[in-house]
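Hello,

Here is the structure I said I would pass on. Please open it first, then read my notes below.

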Amino acid sequence: GIFKEVNISTLNLPDKFEPTMKLSDGTVRPWVINPLGMEKDFPVWGIFFAAFPAMGLCILGFLDQNLTTLLINRKANCLKKPPAYHLDLLVCGVFIYPLCGILGLPFTHAATIRSLTNLMSLTDYKEVVHHDDEQATQTTIKVVDAVAEQR
């Protein structure tokens with residue numbers, strides 16, 4: 001057929017599903033990694049060195065969460081249901097963050113842009129005409145009419 005002339009390179013796969021890192025004695029690294037070191041002890045200074053980026057990420061998460069809460073729950077957005085961000089932060093702190101830390105996955109954040117975009121997509125606006133008598137102009141302003149809350 002026509003596909004015999006197509007040269008497609010394929011991905012080489014190992015025979016077994018296992019970690020690809022080999023230890024110095026030639027054995028395969030175990031799935032669960034000892035946080036104190038695999039072949040030699042993890043240096044104590046490394047723990048303190050890792051504390052500085054961890055504190056920065058903690059502050060970033062705190063500021064991101066609170067900024068998102070303030071922006072979403074403004075009175076101008078006309079939300080009626082109580083905020084659920086604190087429950088969200090509790091779930092992330094108890095379940096998601098420890099799991100991400102153990103598995104080496106990236107952490108989630110409040111995602112300010114995503115939250116604001118979601119709020120705007122669920123908002124119905126009405127146009128209000130504002131008259132300025134001093135300058136003899138009129139401006140049309142979009143004002144929140146209702147929000148289809150999903151909480």
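**Helix 3 and its contacts**

Start at L116. Neighbours within four places in sequence aside, L116 is in contact with L71 and I72. L116 itself is found in helix 3, residues 112-121. Please keep in mind that this is a predicted model.

Is L116 buried or exposed? Neither label fits: L116 has 22% relative accessibility, and the buried class is under 20%, so L116 counts as partly exposed. L116 and T68 are 48 residues apart in sequence. In space, their C-alpha atoms are 8.0 Å apart.

**Helix 1**

T68 and I72 are both among the buried residues of helix 1. The others on that list are G46, G61, D64, Q65 and T69.

Helix 1 runs over residues 44-72. How far apart should its ends be? At 1.5 Å a residue, its 29 residues should span 42 Å. The end C-alpha atoms are 42 Å apart, which agrees.

There is a bend to look at, too. Helix 1 bends by about 25° at F52. A proline, P53, follows within four residues of that bend.

**The whole chain**

Now step back. The protein chain has 3 helices and 2 strands. From the N terminus on, the order is α-α-α-β-β. The radius of gyration is 27 Å, whereas the globule rule gives 15 Å for 151 residues. The value is well over the rule, so the chain is more spread out than a compact globule.

Other totals for the chain:

- The C-alpha trace spans about 85 × 65 × 30 Å along its principal axes.
- Of the 151 residues, 15% count as buried.
- The chain exposes about 13,000 Å², and carbon and sulfur atoms supply 66% of that area.
- Take the contacts between residues at least 6 apart in sequence: 39% of them join residues at least 24 apart.

**Aromatic pairs**

How many aromatic pairs does a search of the whole structure find? The search finds 2.

One is formed by F17 and W31. Their ring centres are 5.4 Å apart, with 35° between the planes, and the pair is tilted. F17 and W31 each lie in the segment before helix 1, so the pair ties together parts that are 14 residues apart in sequence. F17 is exposed, with a relative accessible area of 78%. W31 is exposed as well, at 55%.

W45 and F49 form an aromatic pair that is edge-to-face. Here the centres are 6.3 Å apart and the planes meet at 70°. Both residues lie in helix 1, 4 residues apart, or about one turn of the helix. An α-helix has 3.6 residues a turn, so residues three or four places apart point the same way. Both W45 and F49 are exposed.

**C78, in a loop**

After helix 1, stop at C78. This residue lies in the loop between helix 1 and helix 2, and helix 2 covers 85-103. Why look at its backbone? Most residues other than glycine have a negative phi. C78 is not a glycine, yet has a positive phi of about 55°. With 33% relative accessibility, C78 counts as partly exposed.

**The two strands**

Move on to the strands. Strand 1 covers 123-132, and A136 lies in the loop between strand 1 and strand 2. A136 is exposed, with a relative accessible area of 70%. How far is A136 from V28? The two are 108 residues apart in sequence and 79 Å apart in space, C-alpha to C-alpha.

I141 is in strand 2, residues 137-147. Which residues does I141 touch, leaving aside its neighbours within four places in sequence? I141 is in contact with K126, E127, V128 and H130. At 39% relative accessibility, I141 counts as partly exposed.

One last distance takes us back to the proline in helix 1. I141 and P53 are 88 residues apart in sequence, and their C-alpha atoms are 44 Å apart.

**Where to look**

For a quick tour, take the bend at F52, then the positive phi at C78, then the contacts of I141.

Best wishes

Definitions and conventions:
Residues numbered from 1 in each chain as written. Predicted model: local features only at pLDDT ≥ 70, side-chain atom pairs only at ≥ 80, totals over all residues. Heavy atoms only, no water. Expected span 1.5 Å × (residues − 1). Bend = angle between axes of the 7 residues up to and from the residue. Buried < 20%, exposed > 50% of the residue type's maximum accessible area, 1.4 Å probe, protein only. Rg over C-alpha atoms; globule rule 2.2 N^0.38 Å. Contact = heavy atoms within 4.5 Å. Areas by Shrake-Rupley, 256 points an atom, 1.4 Å probe, with all protein chains shown as cover. Phe/Tyr/Trp six-rings, centres within 6.5 Å; stacked < 30°, edge-to-face > 60°.
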